[in-house]
Amino acid sequence: MKTAITLDLSRRLDFAEGHRFGDTGPYERLTGRIRFELDPEDLANQNIVDLDKVSTNKSGLVEFSADLDILKPVNLNNGNRRLLYDVNNRGNRTILRTFNDAVADTDPSKLSHAGNGFLMRQGYTIVWSGWQGDLEPDGKLLTAELPQALEEGCPLQGRVRQEFIVDQAGVFSMPLSGAPSIRSYPAASLDTTHASLTCRERETDPRQFLPTHEWAFAEAKQDSTGNQIDVTPSSVNLYLPSGFKPGWIYELIYETEGSRVMGLGLVGIRDLVGFLRYDNEDSKGVLNPLAGTIEKAYGYGSSLCARVLRQ
(Lines give C-alpha, C1' and ligand atoms only; values in the text may rest on other atoms or scores of the structure.)
Protein backbone atom coordinates (compact mmCIF):
# COMPACT_ATOMS: atom_id res chain seq x y z
CA MET A 1 0.00 0.00 0.00
CA LYS A 2 1.32 3.44 -0.94
CA THR A 3 2.05 5.86 1.90
CA ALA A 4 -0.78 8.37 2.28
CA ILE A 5 0.46 11.96 2.37
CA THR A 6 -1.37 15.06 3.58
CA LEU A 7 -0.06 18.57 2.92
CA ASP A 8 -0.57 21.54 5.21
CA LEU A 9 1.22 24.41 3.47
CA SER A 10 0.13 27.29 5.67
CA ARG A 11 2.59 29.97 4.55
CA ARG A 12 3.48 31.47 1.20
CA LEU A 13 6.00 34.28 0.78
CA ASP A 14 8.00 35.96 -1.93
CA PHE A 15 11.65 34.95 -1.94
CA ALA A 16 14.54 37.41 -2.33
CA GLU A 17 12.18 40.39 -2.28
CA GLY A 18 10.73 39.42 -5.65
CA HIS A 19 14.08 39.51 -7.42
CA ARG A 20 14.06 38.06 -10.94
CA PHE A 21 16.65 35.34 -11.54
CA GLY A 22 17.50 35.41 -15.23
CA ASP A 23 15.00 33.63 -17.49
CA THR A 24 13.56 31.74 -14.50
CA GLY A 25 12.07 34.87 -12.96
CA PRO A 26 11.08 35.34 -9.30
CA TYR A 27 10.88 32.60 -6.68
CA GLU A 28 8.50 31.89 -3.82
CA ARG A 29 8.52 29.70 -0.72
CA LEU A 30 5.73 27.40 0.47
CA THR A 31 6.13 26.22 4.08
CA GLY A 32 4.15 24.13 6.53
CA ARG A 33 3.86 20.49 7.53
CA ILE A 34 3.53 17.15 5.80
CA ARG A 35 1.76 14.20 7.43
CA PHE A 36 2.39 10.56 6.58
CA GLU A 37 0.31 7.42 7.06
CA LEU A 38 2.53 4.44 6.33
CA ASP A 39 1.61 0.78 5.95
CA PRO A 40 3.82 -1.25 8.32
CA GLU A 41 3.04 -4.42 6.35
CA ASP A 42 4.38 -3.06 3.06
CA LEU A 43 7.50 -4.97 2.02
CA ALA A 44 9.18 -1.67 1.13
CA ASN A 45 9.08 -0.74 4.83
CA GLN A 46 10.32 -3.98 6.36
CA ASN A 47 13.86 -2.73 7.01
CA ILE A 48 12.68 0.02 9.38
CA VAL A 49 13.98 -1.00 12.81
CA ASP A 50 11.25 -1.35 15.48
CA LEU A 51 8.43 -0.49 13.07
CA ASP A 52 6.55 -3.50 14.46
CA LYS A 53 6.56 -1.81 17.89
CA VAL A 54 4.75 1.38 16.82
CA SER A 55 1.08 1.94 17.60
CA THR A 56 -1.15 2.24 14.54
CA ASN A 57 -4.31 4.24 13.86
CA LYS A 58 -7.76 2.80 13.19
CA SER A 59 -6.72 2.01 9.62
CA GLY A 60 -3.69 0.03 10.80
CA LEU A 61 -1.27 2.70 9.58
CA VAL A 62 1.71 4.36 11.30
CA GLU A 63 1.42 8.14 11.56
CA PHE A 64 4.25 10.69 11.65
CA SER A 65 4.85 14.23 10.41
CA ALA A 66 7.58 16.67 9.42
CA ASP A 67 8.25 20.30 8.54
CA LEU A 68 8.14 21.07 4.81
CA ASP A 69 9.74 23.95 2.88
CA ILE A 70 9.55 24.32 -0.91
CA LEU A 71 11.49 27.01 -2.79
CA LYS A 72 10.26 27.16 -6.37
CA PRO A 73 9.90 29.44 -9.39
CA VAL A 74 6.66 31.42 -9.25
CA ASN A 75 6.11 30.28 -12.83
CA LEU A 76 7.15 26.62 -12.84
CA ASN A 77 7.06 26.61 -16.64
CA ASN A 78 10.22 28.73 -16.46
CA GLY A 79 11.99 26.17 -14.27
CA ASN A 80 14.22 23.32 -15.41
CA ARG A 81 11.79 20.58 -14.26
CA ARG A 82 14.36 19.40 -11.71
CA LEU A 83 13.72 18.92 -7.98
CA LEU A 84 16.77 19.28 -5.76
CA TYR A 85 16.25 17.82 -2.27
CA ASP A 86 18.59 19.23 0.38
CA VAL A 87 19.09 16.79 3.26
CA ASN A 88 19.22 19.33 6.07
CA ASN A 89 22.04 19.05 8.60
CA ARG A 90 20.60 18.84 12.11
CA GLY A 91 17.66 20.94 10.99
CA ASN A 92 19.76 23.55 9.14
CA ARG A 93 19.32 24.26 5.44
CA THR A 94 22.69 24.00 3.69
CA ILE A 95 22.29 24.00 -0.08
CA LEU A 96 22.03 27.76 -0.69
CA ARG A 97 25.18 28.31 1.34
CA THR A 98 27.01 25.56 -0.55
CA PHE A 99 25.91 26.17 -4.15
CA ASN A 100 25.07 29.88 -4.06
CA ASP A 101 27.66 31.14 -1.53
CA ALA A 102 24.73 32.56 0.43
CA VAL A 103 24.70 33.58 4.07
CA ALA A 104 23.32 30.89 6.36
CA ASP A 105 19.84 31.48 7.76
CA THR A 106 17.14 29.30 9.32
CA ASP A 107 14.42 31.19 7.44
CA PRO A 108 15.83 32.20 4.02
CA SER A 109 13.73 34.95 2.49
CA LYS A 110 15.93 37.99 1.68
CA LEU A 111 17.96 38.64 -1.44
CA SER A 112 21.16 37.99 0.52
CA HIS A 113 19.87 34.48 1.27
CA ALA A 114 19.94 33.75 -2.48
CA GLY A 115 23.67 34.44 -2.61
CA ASN A 116 24.88 34.54 -6.22
CA GLY A 117 21.55 33.08 -7.39
CA PHE A 118 23.12 30.15 -9.25
CA LEU A 119 20.45 27.52 -8.46
CA MET A 120 17.67 29.98 -9.17
CA ARG A 121 19.07 31.02 -12.55
CA GLN A 122 19.31 27.33 -13.42
CA GLY A 123 15.62 26.92 -12.55
CA TYR A 124 15.81 24.31 -9.77
CA THR A 125 12.98 23.69 -7.34
CA ILE A 126 14.53 23.16 -3.91
CA VAL A 127 12.83 21.07 -1.23
CA TRP A 128 13.64 20.75 2.46
CA SER A 129 11.85 18.63 5.05
CA GLY A 130 12.39 17.48 8.61
CA TRP A 131 13.78 13.97 8.98
CA GLN A 132 15.53 13.93 12.38
CA GLY A 133 13.22 12.88 15.17
CA ASP A 134 15.77 13.73 17.85
CA LEU A 135 15.77 17.52 17.35
CA GLU A 136 14.10 19.83 19.81
CA PRO A 137 11.28 21.73 18.06
CA ASP A 138 12.05 25.45 18.27
CA GLY A 139 10.40 26.94 15.20
CA LYS A 140 13.71 27.53 13.43
CA LEU A 141 15.09 24.06 12.70
CA LEU A 142 13.46 21.56 10.35
CA THR A 143 12.21 18.73 12.53
CA ALA A 144 10.20 15.52 12.32
CA GLU A 145 7.78 14.15 14.88
CA LEU A 146 8.37 10.41 14.94
CA PRO A 147 6.52 7.84 17.10
CA GLN A 148 7.96 5.89 20.01
CA ALA A 149 8.57 2.17 19.93
CA LEU A 150 6.60 0.34 22.64
CA GLU A 151 6.58 -3.13 24.18
CA GLU A 152 3.29 -4.10 25.78
CA GLY A 153 2.37 -0.43 25.81
CA CYS A 154 5.53 0.65 27.62
CA PRO A 155 8.59 2.56 26.33
CA LEU A 156 11.64 0.50 25.45
CA GLN A 157 14.41 0.36 28.03
CA GLY A 158 18.11 0.04 27.35
CA ARG A 159 21.63 1.35 27.77
CA VAL A 160 23.03 4.47 26.10
CA ARG A 161 26.63 5.53 25.51
CA GLN A 162 27.36 9.23 24.99
CA GLU A 163 30.58 11.21 24.54
CA PHE A 164 31.14 14.82 25.58
CA ILE A 165 33.92 17.20 24.53
CA VAL A 166 33.97 20.90 25.41
CA ASP A 167 36.11 23.55 23.72
CA GLN A 168 36.66 25.91 26.63
CA ALA A 169 36.92 25.97 30.40
CA GLY A 170 34.03 26.94 32.64
CA VAL A 171 31.49 24.36 31.43
CA PHE A 172 29.93 22.52 34.39
CA SER A 173 26.92 20.78 32.86
CA MET A 174 25.99 19.41 29.45
CA PRO A 175 22.78 18.00 27.95
CA LEU A 176 23.01 14.20 27.81
CA SER A 177 22.61 14.48 24.03
CA GLY A 178 25.72 16.67 23.85
CA ALA A 179 23.86 19.67 22.36
CA PRO A 180 20.86 21.78 23.46
CA SER A 181 19.16 21.41 20.06
CA ILE A 182 19.13 17.60 20.26
CA ARG A 183 16.70 15.65 22.42
CA SER A 184 18.38 13.65 25.16
CA TYR A 185 17.65 10.11 26.19
CA PRO A 186 16.65 10.72 29.83
CA ALA A 187 18.38 8.82 32.60
CA ALA A 188 16.06 6.17 34.03
CA SER A 189 17.51 6.89 37.48
CA LEU A 190 19.37 9.86 38.96
CA ASP A 191 21.40 7.44 41.08
CA THR A 192 24.90 7.62 39.58
CA THR A 193 25.77 4.15 40.88
CA HIS A 194 23.57 2.83 38.07
CA ALA A 195 25.83 4.48 35.47
CA SER A 196 29.52 5.03 34.71
CA LEU A 197 31.49 8.11 33.66
CA THR A 198 35.07 8.02 32.36
CA CYS A 199 37.44 10.59 30.92
CA ARG A 200 40.62 10.51 28.86
CA GLU A 201 42.72 13.12 27.11
CA ARG A 202 43.28 11.20 23.89
CA GLU A 203 41.21 8.60 22.06
CA THR A 204 43.81 5.87 22.64
CA ASP A 205 44.39 6.69 26.34
CA PRO A 206 42.99 4.30 28.96
CA ARG A 207 39.67 5.44 30.40
CA GLN A 208 39.76 6.93 33.90
CA PHE A 209 36.64 6.22 35.94
CA LEU A 210 35.22 9.16 37.88
CA PRO A 211 33.85 8.22 41.32
CA THR A 212 30.09 8.37 41.40
CA HIS A 213 30.11 11.13 44.05
CA GLU A 214 32.13 13.44 41.78
CA TRP A 215 29.36 13.90 39.21
CA ALA A 216 25.58 13.95 39.02
CA PHE A 217 22.57 13.94 36.76
CA ALA A 218 21.87 17.65 37.20
CA GLU A 219 21.94 21.02 35.46
CA ALA A 220 24.14 23.92 36.54
CA LYS A 221 22.97 27.41 35.67
CA GLN A 222 25.53 30.18 35.57
CA ASP A 223 25.42 33.98 35.63
CA SER A 224 27.09 36.25 33.08
CA THR A 225 30.43 35.98 34.87
CA GLY A 226 30.43 32.17 34.78
CA ASN A 227 29.65 31.64 38.45
CA GLN A 228 27.25 28.84 39.30
CA ILE A 229 24.01 30.21 40.68
CA ASP A 230 21.81 27.14 40.74
CA VAL A 231 22.19 23.36 40.46
CA THR A 232 19.06 21.26 40.08
CA PRO A 233 18.61 17.51 39.56
CA SER A 234 17.90 16.67 35.94
CA SER A 235 17.37 13.42 34.06
CA VAL A 236 18.67 15.01 30.84
CA ASN A 237 21.87 16.74 31.99
CA LEU A 238 25.33 15.70 33.20
CA TYR A 239 26.94 17.85 35.93
CA LEU A 240 30.60 18.00 36.95
CA PRO A 241 31.23 20.26 39.96
CA SER A 242 34.92 20.49 38.97
CA GLY A 243 34.04 21.39 35.38
CA PHE A 244 34.76 19.62 32.10
CA LYS A 245 38.40 19.72 30.97
CA PRO A 246 38.59 21.32 27.52
CA GLY A 247 39.47 18.82 24.81
CA TRP A 248 39.09 15.77 27.04
CA ILE A 249 36.76 12.94 26.07
CA TYR A 250 34.09 12.11 28.65
CA GLU A 251 32.13 8.91 28.14
CA LEU A 252 28.85 8.30 29.96
CA ILE A 253 27.05 4.95 29.94
CA TYR A 254 23.63 4.90 31.57
CA GLU A 255 20.17 3.32 31.52
CA THR A 256 17.31 5.05 29.75
CA GLU A 257 13.83 4.46 28.40
CA GLY A 258 12.07 5.68 25.29
CA SER A 259 13.17 5.14 21.70
CA ARG A 260 11.81 6.92 18.63
CA VAL A 261 11.67 4.96 15.38
CA MET A 262 14.27 7.09 13.65
CA GLY A 263 14.20 5.16 10.37
CA LEU A 264 10.83 6.72 9.60
CA GLY A 265 12.63 10.01 8.99
CA LEU A 266 14.51 8.50 6.05
CA VAL A 267 11.33 6.89 4.73
CA GLY A 268 9.67 10.31 4.92
CA ILE A 269 12.29 11.69 2.53
CA ARG A 270 11.66 8.80 0.13
CA ASP A 271 7.89 9.17 0.13
CA LEU A 272 7.84 12.98 0.04
CA VAL A 273 10.09 13.20 -3.02
CA GLY A 274 8.08 10.45 -4.74
CA PHE A 275 4.85 12.31 -4.03
CA LEU A 276 6.13 15.67 -5.30
CA ARG A 277 7.50 14.08 -8.46
CA TYR A 278 4.63 11.78 -9.44
CA ASP A 279 1.33 12.62 -7.71
CA ASN A 280 -1.27 15.22 -8.61
CA GLU A 281 -2.89 15.59 -5.19
CA ASP A 282 -2.58 14.43 -1.60
CA SER A 283 -4.85 12.05 0.33
CA LYS A 284 -7.34 14.87 1.04
CA GLY A 285 -7.48 16.10 -2.54
CA VAL A 286 -5.14 19.07 -1.99
CA LEU A 287 -3.19 19.84 -5.17
CA ASN A 288 0.49 18.93 -5.25
CA PRO A 289 2.11 22.36 -5.87
CA LEU A 290 4.66 20.72 -8.19
CA ALA A 291 2.25 18.43 -10.01
CA GLY A 292 3.33 17.61 -13.54
CA THR A 293 6.39 19.85 -13.46
CA ILE A 294 9.18 17.53 -12.25
CA GLU A 295 11.04 15.18 -14.59
CA LYS A 296 14.02 14.34 -12.38
CA ALA A 297 14.76 14.50 -8.65
CA TYR A 298 18.22 14.84 -7.12
CA GLY A 299 19.44 14.68 -3.55
CA TYR A 300 22.30 16.65 -2.00
CA GLY A 301 24.06 16.23 1.31
CA SER A 302 27.50 16.41 2.90
CA SER A 303 28.87 14.89 6.12
CA LEU A 304 25.88 13.55 8.13
CA CYS A 305 23.56 14.33 5.22
CA ALA A 306 25.69 12.32 2.76
CA ARG A 307 25.43 9.34 5.08
CA VAL A 308 21.65 9.71 5.05
CA LEU A 309 21.62 9.55 1.25
CA ARG A 310 23.94 6.54 1.24
CA GLN A 311 21.72 4.78 3.78
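Biologist: Is Glu203 buried or exposed?
Modeller: In this predicted model, the relative accessible area of Glu203 is 52%. The cut-off for the upper class is over 50%. Glu203 is therefore exposed.

Biologist: Which residue meets the side chain of Glu203 in a salt bridge?
Modeller: The N to O distance of this pair is 3.1 Å, and the cut-off for a salt bridge is within 4 Å. The partner is buried, with a relative accessible area of 0%. That partner is Arg200.

Biologist: Which residues are joined into one network with Glu203 and Arg200 by salt bridges that share partners?
Modeller: Glu203 and Arg200 form a salt bridge with each other. Shared partners extend the network to Arg161, Glu163, Arg207 and Glu251.

Biologist: What is the strand order of the open sheet of four strands?
Modeller: The pairing in this sheet is antiparallel. Strand 9 (157-164) and strand 12 (208-209) each have a single partner strand, so they stand at the edges, and one side of each is left without a neighbour in the sheet. Strand 11 (residues 196-200) is joined to strand 12 by two bridges. The order is 9-16-11-12.

Biologist: Which residue of strand 12 stands opposite Thr198?
Modeller: Strand 11, residues 196-200, runs antiparallel to strand 12. Opposite Thr198, strand 12 places Phe209.

Biologist: How many residues apart are Glu28 and Arg12?
Modeller: Glu28 and Arg12 form a salt bridge, with the closest N and O atoms 2.6 Å apart. The pair links distant parts of the chain, as Glu28 is in strand 2 (residues 27-38) and Arg12 in strand 1 (residues 4-15). Glu28 is buried, at a relative accessible area of 7%. The separation of Glu28 and Arg12 is 16 residues.

Biologist: Which residue forms a salt bridge with Arg29?
Modeller: The closest N and O atoms of the pair are 2.7 Å apart. Arg29 lies in strand 2 and its partner in strand 3 (residues 62-73), so the salt bridge ties together parts that are 40 residues apart in sequence. Both residues are buried. The partner is Asp69.

Biologist: How many salt bridges does the structure hold?
Modeller: The pairs already described, including Arg29 with Asp69, belong to a longer list. The structure holds 25.

Biologist: What separates the C-alpha atoms of Gly130 and Ile269?
Modeller: Gly130 is in the loop between strand 5 (125-129) and strand 6 (144-145), and counts as buried at 6% relative accessibility. Beyond its neighbours within four places in sequence, Gly130 has contacts with residues including Ala66, Asn88 and Leu142. Gly130 and Ile269 are 139 residues apart along the chain. Their C-alpha atoms are separated by 8.4 Å.

Technical notes
Residues numbered from 1 in each chain as written. Predicted model: local features only at pLDDT ≥ 70, side-chain atom pairs only at ≥ 80, totals over all residues. Heavy atoms only, no water. Pairing = 2+ DSSP bridges. Buried < 20%, exposed > 50% of the residue type's maximum accessible area, 1.4 Å probe, protein only. Contact = heavy atoms within 4.5 Å.
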